[in-house]
Structure formats: structure tokens, C-alpha cells
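Colleague: I have a chain on my screen and some questions about its fold. Can we go through them one by one?

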Amino acid sequence: LAQAISAQAVWSGAGQSRSDASCQKAVIAMKLNIANPTTGLQKVFEIDDDKKLLPFFDKRMSTEVTGDTLGDEFKGYIFRIAGGNDKQGFPMKQGILCNHRVRLLFKKGMSC
């Protein structure tokens with residue numbers, strides 16, 4: 001059973017001053033929006049553990065990731081990365097084959 005996953009990286013500790021933030025280790029929390037297309041059920045999980053999030057870093061869209069790394073509750077599931085945002089809020093788009101941000105020219109009616 002394949003599940004679609006949309007991941008959005010969120011930085012925690014944004015309200016700290018610059019001196020406090022430089023002394024502490026940056027903590028990354030990722031919100032995973034897990035959806036089952038056959039039933040239409042959606043749930044959002046926020047995961048703070050870096051070791052659990054490692055398989056999701058530097059992956060392309062439509063890449064399948066096993067759920068075993070997230071914990072025993074997701075054992076046996078296969079997640080497909082269906083979208084996400086970077087830390088500034090720019091969305092991913094299928095078919096863009098570079099790892100940096102690009103400017104796209106769209107015509108009227110094209111999806112962004």
C-alpha cells in the first residue's frame with residue numbers, strides 16, 4: 001500500500017536572538033502530511049528527530065521512502081514524496097531537475 005507524502009521543513013527557534021541562536025544547535029522540525037488517496041484520509045505529523053528525517057533529505061519528487069525509519073507505527077508502509085516547500089516557503093514542482101531555485105516563465109493557464 002503506497003501512501004503519498006508531502007513534506008515541509010520548518011525551522012524551530014525562530015524567536016531567539018542572534019546570540020542565542022548561534023550558541024545552540026539548530027533544530028529542524030519537519031511536518032509530514034500523510035495522505036491515503038484510496039480513502040481520502042489525511043494526517044499531519046511533526047517530527048523533530050534528525051535521524052528519522054535523514055531518508056527524506058535530498059530526494060526528488062516521486063521518490064519512494066520506506067516508513068520503517070519513522071518508527072514502528074509506520075513499519076511496512078512505503079511513502080511517495082508528492083511535494084513540499086523549502087524553508088522560505090517556495091513549493092516544489094515536478095519536472096524541474098535541478099537542486100537550486102529557478103525562475104520559470106508560465107503562460108496563462110499553466111499550473112505553478
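Modeller: What follows is a short round of questions and answers on this chain.

Modeller: This is a predicted model: local features need pLDDT of at least 70, side-chain atom pairs count only at pLDDT 80 or more, and totals for chains, interfaces and linings use all residues. Residues are numbered from 1 along each chain as its sequence is written, and side-chain values use heavy atoms, with hydrogens and water left out.

Colleague: In what order do the elements of the protein chain run from the N terminus on?

Modeller: Helices (H or I, at least four residues) and strands (E, at least two) are DSSP runs, numbered from the N terminus. The protein chain has 2 helices and 5 strands. Their order is β-α-β-β-α-β-β.

Colleague: Which residue takes a positive phi in the hairpin of E2 and E3?

Modeller: Two strands pair if DSSP finds at least two bridges between them. E2 (residues 28–36) and E3 (residues 41–47) pair in the antiparallel sense over 7 bridges. Asn-36 has Leu-41 in E3 as its bridge partner. The hairpin has 4 residues between the strands, and the one with a positive phi near 80° is Gly-40.

Colleague: Is Phe-79 buried or exposed?

Modeller: Phe-79 sits in strand E5 (residues 78–85). Buried means under 20% relative accessible area, exposed over 50%, partly exposed in between (1.4 Å probe, protein chains only). Phe-79 has 1% relative accessibility, so it counts as buried.

Colleague: Which element gives the most to the largest nonpolar core?

Modeller: A nonpolar core is a set of buried Ala, Val, Leu, Ile, Met, Phe, Trp, Tyr and Cys residues joined through side-chain atoms within 4.5 Å. The largest has 11 residues, including Met-30, Leu-32, Ile-34, Phe-79 and Ile-81. E2 and E5 each supply at least two residues of this core. The top contributor, with 3 residues, is E2.

Colleague: How far apart are the C-alpha atoms of Phe-79 and Ile-34?

Modeller: Both residues belong to the largest nonpolar core. Along the chain they are 45 residues apart. Their C-alpha atoms are separated by 8.3 Å.

Colleague: Why does Ile-96 count as neither buried nor exposed?

Modeller: Ile-96 lies in the segment after E5. Ile-96 is partly exposed because its relative accessible area is 30%.

Colleague: What share of the contacts with a separation of 6 or more comes from residues 24 or more positions apart?

Modeller: Contact means heavy atoms within 4.5 Å. In the protein chain, the share from residues 24 or more positions apart is 39%.
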